[in-house]
Every structure is written in C-alpha cells, then in structure tokens.
Amino acid sequence: MREHGAYTSAANRVPQPGQLCDSLFAVNLNSGMNRYFVMKWKGTNNQITVGGFTLFVRKNIEETVLNPSNMLERRGDVYIWDLLACGIPYGDRKACAQYLSFNNIDNSTDAVYIDWIRFYNNLDEIPSETINLPSGKKGDANDDGNVDVSDITTTAAYILGNNPSPFNAENADANNDGQIDVSDITFTAGIILGTH
C-alpha cells in the first residue's frame with residue numbers, strides 16, 4: 001500500500017529513486033471465500049469520506065474498486081463492501097494494493113483513525129461498532145474551539161503552576177504523550193503553523 005507515496009506509472013509497483021513508499025503488499029482476494037471487505041474507521045472532521053481503495057485487479061490496470069458509491073452498508077463506523085458485487089474475481093487471485101484515499105481532509109488537525117480492516121464471508125458476522133474519538137481539539141488548551149497563540153500562553157501558564165481557567169488538559173497534551181510540558185507548546189505551535 002502506498003500510504004502517501006509517489007510513483008510514475010500505475011504498473012510500476014516498486015519505487016524508483018526519488019519516490020516514496022511506506023509499505024507495499026499484495027492481498028489475496030477471493031470474493032467466493034471472503035466476500036466482504038470491512039473497514040472500521042472514523043475521521044476527526046465529519047466531512048471526511050472514503051475516496052476509494054485502489055487495487056490492481058486486472059494485469060497492469062489500476063482501478064478504484066471500493067468507493068462510497070458501491071459500499072454495501074455502514075454499521076456505525078464499520079463500512080462494508082461486497083467484493084463480488086464490486087467485480088473482484090471469484091477464485092484465488094493476488095492483487096497489489098495501491099492506495100486508500102480519503103476526501104475532505106482540509107487542515108493539519110484533521111485525521112483519519114483506522115481501527116481495523118478485515119474480510120468476512122458471512123454478512124451476519126460483521127459487527128456494528130463505533131470509534132470514540134477524543135472530544136476536544138488537540139492544542140486547544142483554553143477550550144475556545146480554536147488553536148492559536150492564546151493556547152500556547154495557557155499551556156505555558158499551566159506548566160508554570162498558574163492554574164489557568166479555562167484549561168482543558170486533554171487538549172493541552174497536544175503531542176499525546178500523557179504529559180503536559182514544553183514539547184506540547186512546540187507541538188501546538190506546529191499546529192498553528194500547519195506543520196503538525
């Protein structure tokens with residue numbers, strides 16, 4: 001899977017010099033044995049949608065096989081596709097996974113959380129589950145709905161023991177390391193500057 005890789009041609013599965021590839025793997029697709037492709041995921045922005053899961057299903061042809069228009073159903077944050085209905089061949093066939101794309105990721109604080117991706121052969125076995133995301137906005141230490149310089153000031157005041165109010169400790173721990181310290185101020189500055 002090229003999670004945010006670059007490549008020059010659809011048929012070129014191995015990165016060339018100057019190209020990126022986080023991981024590359026082949027998946028066995030058999031719509032007769034494992035008919036349902038299921039992914040549990042959620043975006044921090046409700047406008048984020050699956051763009052598509054692109055695979056090489058036919059030789060040297062890159063095609064978006066799974067997308068919102070051919071999704072079978074959704075159960076909470078569990079999205080279900082019927083591989084047979086999506087044109088995946090019946091029988092043991094390797095396919096190179098090219099990429100999974102999402103739409104409407106608009107800023108540096110938007111994120112996609114994928115809990116799991118599984119195959120099922122029985123629709124009745126697929127659970128209905130949800131993902132509980134943190135309620136706040138990382139870096140928004142003063143809990144005003146924005147991440148700006150005032151949050152850096154609030155976090156610094158907390159670190160110095162000044163007990164600022166309002167103060168949201170979960171949001172102030174911007175880098176998610178379980179501590180509120182100078183590294184969170186640096187991370188919050190990165191959010192403001194668009195580097196995190």
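The largest nonpolar core of this predicted model has 15 residues. Within this core, Phe37, Met39, Trp41, Val50, Leu66, Trp81 and Phe102 touch the most other members. Five strands each supply at least two of the core residues: S2 (36–43), S3 (49–58), S4 (61–66), S6 (78–82) and S7 (93–103). Strand S2 gives the largest share, three residues. A second, separate core has seven residues, including Tyr36, Ile80, Trp116 and Tyr120.

**Overall layout**

The protein has three helices and eight strands. Read from the N terminus, the order is β-β-β-β-β-β-β-β-α-α-α. Of its 196 residues, 34% count as buried. Take the contacts between residues at least 6 apart in sequence: 66% of these join residues at least 24 apart. The accessible surface is about 10,700 Å², and carbon and sulfur atoms account for 49% of that area.

**Two members of the main core**

Leu66 sits in strand S4. Is Leu66 buried or exposed? Its relative accessibility is 1%, so Leu66 counts as buried. Beyond four places in sequence, Leu66 touches Phe37, Gly52, Phe53, Trp81, Leu83 and Cys86.

Leu66 and Trp81 are 15 residues apart along the chain. Their C-alpha atoms are separated by 7.0 Å. Under the same sequence exclusion of up to four places, Trp81 has a list of contacts that includes Leu66, Phe37, Met39 and Val50. Those four also appear among the core residues named above. Trp81 also touches Arg35, Tyr36, Asn67, Asn70, Met71, Leu72 and Cys86. Of these, Tyr36 is a member of the second core.

**The helix pair**

How do the axes of H1 and H3 cross? Helix H3 covers residues 182–193, and its axis comes within 9 Å of the H1 axis at a crossing angle of roughly 175°. Angles over 145 degrees count as roughly antiparallel, so H1 is roughly antiparallel to H3.

On the H1 side, the contact uses Val149, Asp151, Ile152, Thr155, Ala156 and Ile159. These meet Val182, Ile185, Thr188, Ala189 and Ile192 of H3. By class, the contact has eight nonpolar residues, two polar and one charged.

Thr155 is one of the H1 residues in this contact. Helix H1 spans residues 149–159. Thr155 is buried, because its relative accessible area is 1% and buried means under 20%. Leaving out residues up to four places away, Thr155 touches Ala141, Ala172, Ile180 and Ile185. Ile185 belongs to the H3 side of the helix contact.

**Backbone in the loops**

Two asparagines have positive phi, in each case in a residue other than glycine.

| Residue | Phi | Loop | Relative accessibility |
|---|---|---|---|
| Asn104 | near 70° | between S7 and S8 (112–120) | 37%, partly exposed |
| Asn176 | near 60° | between H2 and H3 | 53%, exposed |

What joins Ser165 and Pro166? A cis peptide bond does, with omega about 0°. Pro166 lies in the loop between H1 and helix H2 (169–172). Asn176 lies in the loop that follows, between H2 and H3.

Methods:
Residues numbered from 1 in each chain as written. Predicted model: local features only at pLDDT ≥ 70, side-chain atom pairs only at ≥ 80, totals over all residues. Heavy atoms only, no water. Helix = DSSP H or I, 4+ residues; strand = E, 2+ residues; numbered from the N terminus. Buried < 20%, exposed > 50% of the residue type's maximum accessible area, 1.4 Å probe, protein only. Contact = heavy atoms within 4.5 Å. Areas by Shrake-Rupley, 256 points an atom, 1.4 Å probe, with all protein chains shown as cover. Core = buried A, V, L, I, M, F, W, Y, C linked by side-chain atoms within 4.5 Å. Axes fitted to C-alpha atoms, helices over the stretch in contact; angles between N-to-C directions. Parallel < 35°, antiparallel > 145°, perpendicular 65-115°, else oblique. Nonpolar A, V, L, I, M, F, W, Y, C, P; charged D, E, K, R; others polar.
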